[in-house]
Amino acid sequence: VYYYTKFFEKSLESLNKAINIGIEDKDDEIYFYMGLNYTSMNKDDEAINIYKKCLEINNENIIALYKLSLLYHKNNMIEEALSSLDLAISKDNNFG
């Protein structure tokens with residue numbers, strides 16, 4: 001809810017609470033939403049690291065791969081951007 005109302009710090013606080021009680025190993029979406037928050041706050045390095053954590057939990061999350069490719073592109077990391085995007089497309093032929 002906090003993310004959609006643009007209370008990004010509050011959203012991150014809630015997501016970190018979920019991690020602290022041990023939910024993170026079960027749900028890659030916690031990290032996905034953390035990545036969205038960091039991206040919205042223009043904290044690209046943090047967002048990249050969080051999306052990578054999301055993908056460690058669920059390497060089939062093509063939206064996280066796509067978001068990661070956008071961040072790489074934004075930061076002029078073209079090879080990484082193309083690699084992430086290619087991986088997303090390889091996991092779902094309808095993607096892209």
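In the predicted model, K10 is partly exposed, its relative accessible area being 38%. E13 likewise falls in the partly exposed class, at 38% relative accessibility. The side chains of these two residues, K10 and E13, are joined by a salt bridge with an N to O distance of 3.9 Å. Both K10 and E13 belong to helix α1, where they are three residues apart, or about one turn of the helix. In an α-helix there are 3.6 residues a turn, so residues three or four places apart point the same way. The pair is also part of a wider arrangement, since K10, E13 and K17 are linked in a network of salt bridges.

Helix α1 itself comprises residues 8-20, 13 residues in total. From its first C-alpha to its last, α1 reaches 18 Å, close to the 18 Å expected at 1.5 Å a residue. The buried residues of α1 are F8, S11, L12, L15, A18 and I19. These residues lie on the same side of α1, because the arc they cover around the axis is only 115 degrees. Helix α2 (28-40) is included in what covers the buried residues of α1. On the face of α1 turned away from the buried side are the exposed residues E9, K17 and N20. K17 thus appears both on this exposed face and in the salt-bridge network with K10 and E13. Just after α1, G22 adopts a positive phi of about 95 degrees.

The overall architecture is helical: the chain has five helices and zero strands. Read from the N terminus, the order of elements is α-α-α-α-α. The chain has 96 residues, of which 39% count as buried. Of the contacts between residues at least 6 apart in sequence, 40% join residues at least 24 apart. The area exposed by the chain is about 6100 Å², and 50% of this is supplied by carbon and sulfur atoms.

Five salt bridges are present in the structure, including the K10 and E13 pair in α1 described above. Another is formed by D44 and K74, whose closest N and O atoms are 3.2 Å apart. Because D44 lies in helix α3 (residues 44-57) and K74 in helix α4 (residues 62-74), this pair ties together parts that are 30 residues apart in sequence. The two partners fall into separate accessibility classes: D44 counts as buried, at 9% relative accessibility, whereas K74 counts as partly exposed, at 48%.

A further salt bridge brings together the side chains of K91 and E60, at 3.3 Å from N to O. K91 is located in helix α5 (residues 78-91) and E60 in the loop between α3 and α4, so the pair ties together parts that are 31 residues apart in sequence. Both residues of this bridge are partly exposed, with relative accessible areas of 29% for K91 and 47% for E60.

Aromatic contacts were examined next. The structure holds two aromatic pairs. One of them is formed by F32 and Y33, with an edge-to-face geometry: the ring centres are 5.6 Å apart and the planes make an angle of 85 degrees. F32 counts as buried, with a relative accessibility of 11%, while Y33 is partly exposed, with a relative accessible area of 27%. F32 and Y33 are joined by Y51 in one aromatic cluster.

Backbone geometry in the loops was then considered. Most residues other than glycine have a negative phi. N42, which is not a glycine, nevertheless has a positive phi of about 60 degrees. N42 is situated in the loop between α2 and α3 and is exposed, at 57% relative accessibility. N76 also has a positive phi, near 60 degrees, and is again a residue other than glycine. The position of N76 is in the loop between α4 and α5, and N76 is exposed, with a relative accessible area of 63%.

Conventions
Residues numbered from 1 in each chain as written. Predicted model: local features only at pLDDT ≥ 70, side-chain atom pairs only at ≥ 80, totals over all residues. Heavy atoms only, no water. Helix = DSSP H or I, 4+ residues; strand = E, 2+ residues; numbered from the N terminus. Expected span 1.5 Å × (residues − 1). Buried < 20%, exposed > 50% of the residue type's maximum accessible area, 1.4 Å probe, protein only. Arc of directions from axis to C-beta. Contact = heavy atoms within 4.5 Å. Areas by Shrake-Rupley, 256 points an atom, 1.4 Å probe, with all protein chains shown as cover. Phe/Tyr/Trp six-rings, centres within 6.5 Å; stacked < 30°, edge-to-face > 60°. Salt bridge = Lys/Arg side-chain N within 4 Å of Asp/Glu carboxyl O.
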